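Visitor: Got a minute to walk me through this one?
Guide: Sure, have a look and ask away.

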Amino acid sequence: MVYLVAADAADTPAGTRFRRLLDRPDILQMPGTHNGMAALQARDAGFSALYLSGAAMTASMGLPDLGIVTIEEVTFFIRQVARASSLPVLVDGDTGYGEALNVMNMVRSFEDAGAAAVHIEDQLLPKKCGHLNDKRLADARDMATKVAAAARARRHLYLIARTDAAASEGIDGAVARAKLYLEAGADAIFPEAMTSREMFEEFARRLPGTPLLANMTEFGKTPLFTASEFEAMGYRMVIWPVSSLRVANKAQQNLFAALKRDGSTCRMLDQMQTRAELYATIGLHDYETLDASIVRTILPDGAEQN
């Protein structure tokens, strides 16, 4: 457990740790973790970095992904995921929550909350999930201004510019925008809603040496590829943004249906995380040991008799 218990909590800025992970030879795999528990479970499964999806955050709040959450609401999720896991977290920054000054405020707020990286996108509000139709794009120069503002405001945050242009402007338009965003200060590019292996490969071929992020969301426009396949296409990072939420939501749906039907959870026990498993994941006993050690330090044995 790392939040309060670990003595070796990282002093290195999260963005620096994120960059070091990208220096490794293998593609950086980041599962979406929509809360602290998911972050702990992903860390325990062996992942070295995590992703915080705007779609997952809003859905967990019972809201659609239309850019209606606030910076303060997002920082609540960032603190959960970063503190629980102590891993570098890439955060979905949507459209930057406004224009240049708003983007700068977002960057500082996300850094202060513990984010390692952020991506911002070139849609207009109300923005949509990248795999839906009829997205409206911002002017490329306006988006480049936002990227430049984010680059100026950051202290360590790794900056990824997302472009949704492939659907309406084709590969040529998406590549042209990507080059402009790189000139403005982006560290990497996220081409959203690519529809074929050939599109992924062509985009990478036309931006040689640029770190690229692939989005492997289910039920969208992108066919299902593995991390190793994305790596072979020329991508340095891959996210599975909403997978954990989809599985959790389906499990909850099944639970409530069974409870309503049976008036009992007896038939669902084998699908539940046990009390022992829960306590082991959240480090309950480590916290109890920490609490007892503090009590012993403040009140030595026998002091209550003096």
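Visitor: What share of the contacts with a separation of 6 or more comes from residues 24 or more positions apart?
Guide: In this predicted model, those residues account for 72% of such contacts in the protein chain; contact means heavy atoms within 4.5 Å.

Visitor: Anything I should know about the ground rules?
Guide: Residues are numbered from 1 along each chain as its sequence is written, and side-chain values use heavy atoms, with hydrogens and water left out. As a predicted model, local features need pLDDT of at least 70 and side-chain atom pairs count only at pLDDT 80 or more, while totals for chains, interfaces and linings use all residues.

Visitor: How many helices and strands are there?
Guide: Twelve helices and eight strands; those are DSSP runs numbered from the N terminus, helices being H or I of at least four residues and strands E of at least two.

Visitor: And how much of the chain is buried?
Guide: 45% of the 306 residues, where buried means under 20% relative accessible area (1.4 Å probe, protein chains only).

Visitor: Switching to H7, where is the kink centred?
Guide: On Asp 172, with a kink of about 75°; the bend is the angle between axes fitted to the seven residues ending there and the seven starting there.

Visitor: What do the buried residues of H7 pack against?
Guide: Helix H6 (140–153), strand E5 (158–163), strand E6 (188–191) and helix H8 (197–205). Among those buried residues are Ile 171, Gly 173 and Tyr 181.

Visitor: What comes just after H7?
Guide: Gly 185, with a positive phi of about 125°.

Note on methods. Buried means under 20% relative accessible area, exposed over 50%, partly exposed in between (1.4 Å probe, protein chains only).
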